[in-house]
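Here is a short tour of the model you have open, moving from one small sheet out to the chain and its partner. Keep the viewer at hand as you read.

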Amino acid sequence: MENKKFLKTLSETNGISGYEKNLADIIEEVFEPYSDKITKDSLGNLTATKWADNKQDDTIDLMLAAHMDEIGLMVKSIDDKGFIRFTNIGGVDPRTLLAQEVIIHGKEDIIGIIGTKSPYLLNNKESSKSPKLNKLYIDTSLKKEKIEEIITIGDMITLKREFMNLKNEYVSGKALDDRAGVVMLYECFKELSYLKSKVNVHAVATVQEEVGVRGANTSTYNIDPDIGIAVDVCHGDMPGVENDLVVEMNKGPAIAFGPHVHQNIFKKMKSIAEDIGIPYQVEPWPHPAGTDTWAIQITKSGVASALVSIPLRYMHTSVETISMKDVRSGGKLLAQFIARIDSDFVEGLRCY
Amino acid sequence: MLLKRLSEASGVSSNESEVRDIIKDNIEDKVDELWTDVMGNLIAVKGKKKKGKKVLLSAHMDEVGLMITGIESNGLLNFRPVGNIDKRSLVSKPVIVGNDKINGVIGSKAIHLQKSSERNNPIPWSNLYIDIGTSSKKEAKKYIELGDFVSFKTKFKQLGINHAKGKAFDDRVGCSVIIDLLKYEYDFPLYVVFSVQEEVGLRGAGRAAFDIEPSMALIIESTSASDVPESEDYEFSSSLDKGPALTIMDKSLISNKKIIQGIINTSKQNDIPYQIKKSNTGGTDAGEISLTKEGIPSAVISLPSRYIHSPVSLISLKDYDYLKKLIKLYLQDLNKGEF
C-alpha cells in the first residue's frame, strides 16, 4: 500500500488508548505481505516479525515500536436536555475543542458538536479567558431519551477530522501522533525486502502510550530485544516556540539524543545517514520521558534503546501536520541501520 | 440539496461570486429579470408587470471568514477576521484559502510547550497562523496573494432526527428560502435581493433597495440560538425547534409592526409555530433598507442557529421548513393595498 494512503486510513480510524483494536486489524492486514509472523498480546500490542535472512545469524532481536493509540474524550454525564459533558483521555488542550465536531462511540456512532456559552452572552471577564474543559459540552441534537438508548457514561469520543493534503507532501489530520510512526515502520519493512539483514526485526504497534507508555512495557518484555528503537513524533518548528525545543519540518527525521538513547546507536545511525546521504536532524532531549523509549530502555535487565522522531506541528490537536518525505527518509534510515547490525555491534553495546 | 451546496460554497464578504453563481443558476428561469449592481448584489424581479406595490425579500450571500494579511518568512500565513468571529473557535480547524481552494490548517502551539498562563487565555490574532505546507515566503507566494479570502472547510450533514450542521447558515438559509419562494406566483411584483457585505456593516442591501424603492421589505436571516448549557433562559435570544424567530427590535431596526402582526396572524391561522427573538442585540440589512430614501417599512424573520459565526453551526430543518411555509403563506395572504 502507498504510504500516504495507509496514513490516511490510520488517521481516520478511531482508537483511543485502550481501544486500539480497529487499528490493529488494519495494520495487521497491511503489514502481512512483508512479515513472516504476526502476533497480538493480551494488552493489544500488534507485533509483525521479519526473520533474519540467514538462519545461522538468527541471534539478534531488534524491536521497533510506534504507538497506535490516540488521545480523546470520554462521556461523563448526560443532562436533562441531552447535552453531554465529557472528560479527557490523554493530553487534550481544551482550547482546541470549541466548535469541534466529534464522534461519540456508543452502540452506534453519533456525531456531535462541542459548544460553550455563546460569545455574544459573555461578559468581558469571561471572553478574555479560554473556556475550561468543564464548561464545554457536546450537542448531538438528540433528546435525552434517545441518547440514553445509544450512549452510556464511559463511552469513548474521538475528534472528527478528515485527513488533508497540503503543499510539499505535507499532510494534516488527527492522530498522526503516532500513526505516522506506524507508517515509518511500514516503510522500513518495505525497504528491508530489498536488503539483507542479520537481525530478527519485530515491528510493534503499541497501545496505551498516551496514558503512560504502557503497551511498550509488555511488548518489550515479550520480545526481549537486544536493541529497541521507538519511532514517535517530535515538535516541528511552530510560531511562538523557542528554537531549541523544536526541529525543522521537511528536513529529515530527527535522531534523538539524551538519557533514553544508547550513544553507540545514536552515533551509528548518524554516520549511516551521512554516508548514504539520508537527510536527518538531531533532537537533543534532556529527559527520557515522553515516548515508548521510557519503558523499552528499562525492561528486564535493560535494553539498548534509541528514538527516531518525525517532526510534527500542532501536536495533540486535530490538525497535526507532518511531511511524508520525513516519514520516507526515516523508514529508509531504519532499514539501512538494521542491515548494518552484526553481533560485534551488539556485543559492543555492553562495553563502556 | 440546494442548502448543502450553498452552505459549502465559499463567500466571505465582498467575495460572494461562488454563491451568486449558484443562486443565478437556480433562479434564472423563475424570474422576469435578473441583474447585478455595482456592489455585487444579485437582484431579480418576478411578476414585474403585476399591479400592486413592490414587495422586497432580501437575504445576504456573504459569510464571516478570514483574510490573508501577511506571509511569514517560514511560509506560514497571517490572517485577520472578516466580520465578527470568535477567535477562540479557530484553533485546530481546517480552512480553504483563496479562489483556488488551497487546503490549510490553523494550528496552535502544542499543549506540551505552553506555559500555564498561556493555557488560560485565548490565543491572540497575532499568534494564529494558517499552515498550507509551504516552507518559505517565496514558496507561499506561488499559491497565495495578500488579501486572499479564507473560509472554513466544513461539510453540511443532517444530524439527529431533523437537524443539520454546516457553516455559513447565516445567511445561506435566507438565500435558500428565497430561491424556494420564487417557485410560486404572487399578486404583486416581487423583488428579491441577494445582498453582499452584510457581515462587514450592512453595506450591500441598502443600495439595491434604493434602486428598487419597494413598498415593504422582509429580510430573511439567521439568528443566534443560545438554548445551550451555561446560558440562562432569560439570556436566550432564540431556541431551536420552536419555529422561526421574529425580530421586534435590534441594534439596527425596529421592525414594522404591521408586517410582524401579519406574519403572526398567518402563523396562527396555519398552526405554524413562531417565536419572538428575545434579545435586542445584533443588526441586519433591514436597518439599512428601512432608512433608504424616505423610509421603507421593514421587518426581519430569522432561522435560529446554534454556534453561529463559528466553523460549524447547527439548525433545525423543521424550523427551516416552517420558515419557508410561513413566508409563502404570508406573501400569498398579503393585502396588496396595505402598504
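## A small sheet in chain A

In this predicted model, strands S10, S11 and S17 of chain A form an open sheet in the order S10-S11-S17, with antiparallel pairing. Strand S10 (164–165) and strand S17 (320–323) of chain A are the edge strands, each pairing on one side only. Strand S11 of chain A, residues 170–173, is joined to S17(A) by 4 bridges in the antiparallel sense. If you would like a spot to zoom in on, A:Gly173 sits opposite A:Glu320 in S17(A).

## The chain as a whole

Stepping back, chain A has 10 helices and 17 strands. Its radius of gyration is 21 Å, close to the 20 Å that the globule rule gives for 352 residues, so chain A is as compact as a globular protein of that length. Along the principal axes, the C-alpha atoms of chain A fill a box of roughly 70 × 40 × 35 Å. Buried residues account for 55% of the 352 residues in chain A. Among contacts in chain A with a separation of 6 or more, 77% link residues 24 or more positions apart.

The domain assignment splits chain A into domain 1 (3–70 + 174–348) and domain 2 (72–159). The centres of these two domains of chain A, taken over C-alpha atoms, are 33 Å apart. Where they meet, 11 residues of domain 1 of chain A contact 13 residues of domain 2 of chain A.

## Where the chains meet

The contact between the chains draws on 50 residues from chain A and 46 residues from chain B. On the chain B side, strand S7 (102–106) and strand S11 (163–166) each supply at least two residues. The table sets out the make-up of two contact sides.

| Contact side | Nonpolar | Polar | Charged |
|---|---|---|---|
| Chain B, touching chain A | 18 residues | 20 residues | 8 residues |
| Domain 1 of chain A, touching domain 2 of chain A | 3 residues | 5 residues | 3 residues |

## Nonpolar cores

Which residues touch the most other members of the largest nonpolar core? They are A:Leu64, A:Leu185, B:Leu77 and B:Ile130, in a core of 109 residues. Helix H5 of chain A (residues 176–192) gives the most to this core, with 10 residues. Beyond its neighbours within four places in sequence, A:Leu185 is in contact with A:Leu64, A:Ala66, A:Ala203 and A:Val231. There is also a second, separate core of 92 residues, with A:Ile147, A:Met156, B:Cys175 and B:Ile259 among them.

Notes. Residues numbered from 1 in each chain as written. Chains lettered and ligands numbered in written order. Predicted model: local features only at pLDDT ≥ 70, side-chain atom pairs only at ≥ 80, totals over all residues. Contact = placed C-beta atoms within 7 Å. Nonpolar A, V, L, I, M, F, W, Y, C, P; charged D, E, K, R; others polar. Domains from an automatic or database assignment. Core = buried A, V, L, I, M, F, W, Y, C linked by C-beta atoms within 7 Å. Buried ≥ 20, exposed ≤ 12 C-beta atoms within 10 Å, placed from the backbone. Pairing = 2+ DSSP bridges. Rg over C-alpha atoms; globule rule 2.2 N^0.38 Å.
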